[in-house]
Amino acid sequence: MDSVIGLEIIEVVEQAAIASARWMGKGDKNTADHVAVEAMRERMNRIHMRGRIVIGEGERDEAPMLYIGEEVGICTQENAKDFCDPQQLIEIDIAVDPCEGTNLVAYGQNGSMAVLAIAEKGGLFRAPDFYMKKLAAPACAKNHVDINKSATENLKILSDCMSRSIEELVVVVMDRPRHKGLIEEIRNAGARVRLISDGDVSAAISCAFSGTNIHALMGIGAAPEGVISAAAMRCLGGHFQGQLIYDPEVVKTGLIGESKESNIARLQEMGITDPDRVYNAEELASGDTVLFAASGITPGTLMQGVRFFKGGARTHSLVISSQSSTARFVDTIHMYDAPKSLQLR
């Protein structure tokens, strides 16, 4: 799967990033997201695969494209039988977030990206549109830190694993009222906090790369994005744990579902019998082969954002593979007007 569609999934996230970047700073997050969805779907439907969206543009709403359960790939073309045999194509599950950090794009802030993860059929956890308590950390801390421990305990463990003082550690936390106590605890323990308004996928992945000055992600964010983060961390060997949060009183805002009891009932309908289970990266992204791809929309810790020039655009992307054990950064020039010389600026 790596060699067959690895390059093409890079193009999928590149096209979504370019489309969304044209709306950077215009204050319209819905359009920034919509054009990314359209561009991602259009390119995805030209890949020779049988894909199914397992995490996409909403679990309950009637999203017109990239909705959960939608089939994507070359077989969706009206004349598909003229040039492909569906039975010979790779069957895969796909998790997408065409514009991770819509507010970041709308207001011209750093850290947004187009992102997706794929695995063979059944290889990605079908997370409900709930929230998830998350803990991400570098590979050296894998299976040492634990989401059931306090932030203070985990910082001490992380300090030992990384052979640096707690005061040198930086923890990313979403800037939300629900995290007031967590932020205070991290600061009281001596570590530094980097608050973000959106986009915790990038923060989670950054923990696995040296030199990012991000050493942990803690707190509660969206569950679907947790699965995408887990796919990348599975490939990178980093630590990732997630625990579904189904109580509206915990997250205080935005949780789908009217009550804790109704949300537990929904989980049971989905086959999740232990709502408090803690999942690791290998359970959230369990496929034999897992691929992750992202392309920066606005500048971030790992990637540059889209840069436009006369006649083209330049993108910076990342593709991570469990099959080849690689993390590749891809710098691409898109030449729309076929210029005689590249304009690198």
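Among contacts in the protein between residues at least 6 apart in sequence, what percentage join residues at least 24 apart? It's 68%, where a contact means heavy atoms within 4.5 Å. Before we go on, keep in mind that you're looking at a predicted model, in which local features need pLDDT of at least 70, side-chain atom pairs count only at pLDDT 80 or more, and totals for chains, interfaces and linings use all residues. Residues are numbered from 1 along each chain as its sequence is written, and side-chain values use heavy atoms, with hydrogens and water left out.

Let's start with the whole thing. The protein has 10 helices and 14 strands; these are DSSP runs numbered from the N terminus, with helices being H or I of at least four residues and strands being E of at least two. Its C-alpha trace spans about 60 × 50 × 40 Å along the principal axes. A compact globule of 345 residues would have a radius of gyration near 20 Å, and the protein's value of 20 Å agrees with that. That radius is taken over C-alpha atoms, and the globule rule is 2.2 Å times the number of residues to the power 0.38.

What about the surface? The protein exposes about 15200 Å², and carbon and sulfur atoms supply 45% of it. Such areas come from the Shrake-Rupley method with a 1.4 Å probe, and for residues only the protein chains shown count as cover. Of the 345 residues, 53% count as buried. Buried means under 20% relative accessible area, exposed means over 50%, and partly exposed is in between (1.4 Å probe, protein chains only).

Now go inside. A nonpolar core is a set of buried Ala, Val, Leu, Ile, Met, Phe, Trp, Tyr and Cys residues joined through side-chain atoms within 4.5 Å. The largest one has 48 residues, and F125, I205, F240, L284 and F292 touch the most other members. Helix α7 brings the largest share of this core, 8 residues. Apart from this core lies another, of 34 residues, among them A16, L66, I94 and V306. Back at F125, you'll find that this residue touches I55, V227, L244, I272, Y279, E283 and L284, leaving out residues up to four places away in sequence.

Helix α7 deserves a visit of its own. Its 14 residues, 223-236, should span 20 Å at 1.5 Å a residue, and the end C-alpha atoms are indeed 20 Å apart. (The expected span is 1.5 Å times one less than the number of residues.) Of those 14 residues, 12 are buried, including V227, I228 and M233. Right after the helix comes G237, whose phi is positive, near 80°.

Next, a couple of strands. T332 sits in strand β14 (residues 326-335) and counts as buried because its relative accessible area is 18%. A polar contact of 2.8 Å joins the side chains of T332 and E14. Such a contact is a pair of N or O atoms within 3.5 Å; within protein, one must be able to donate a hydrogen and the other to accept it, and residues adjacent in sequence count only if both atoms are side-chain atoms. Over in strand β13 (residues 312-321) you'll meet S321, which is buried too, at 2%. A polar atom of the S321 side chain lies 3.1 Å from the backbone nitrogen of Q323.

Finally, look at N148, in the loop between β5 (131-137) and α4 (151-162). N148 is exposed, with a relative accessible area of 59%.
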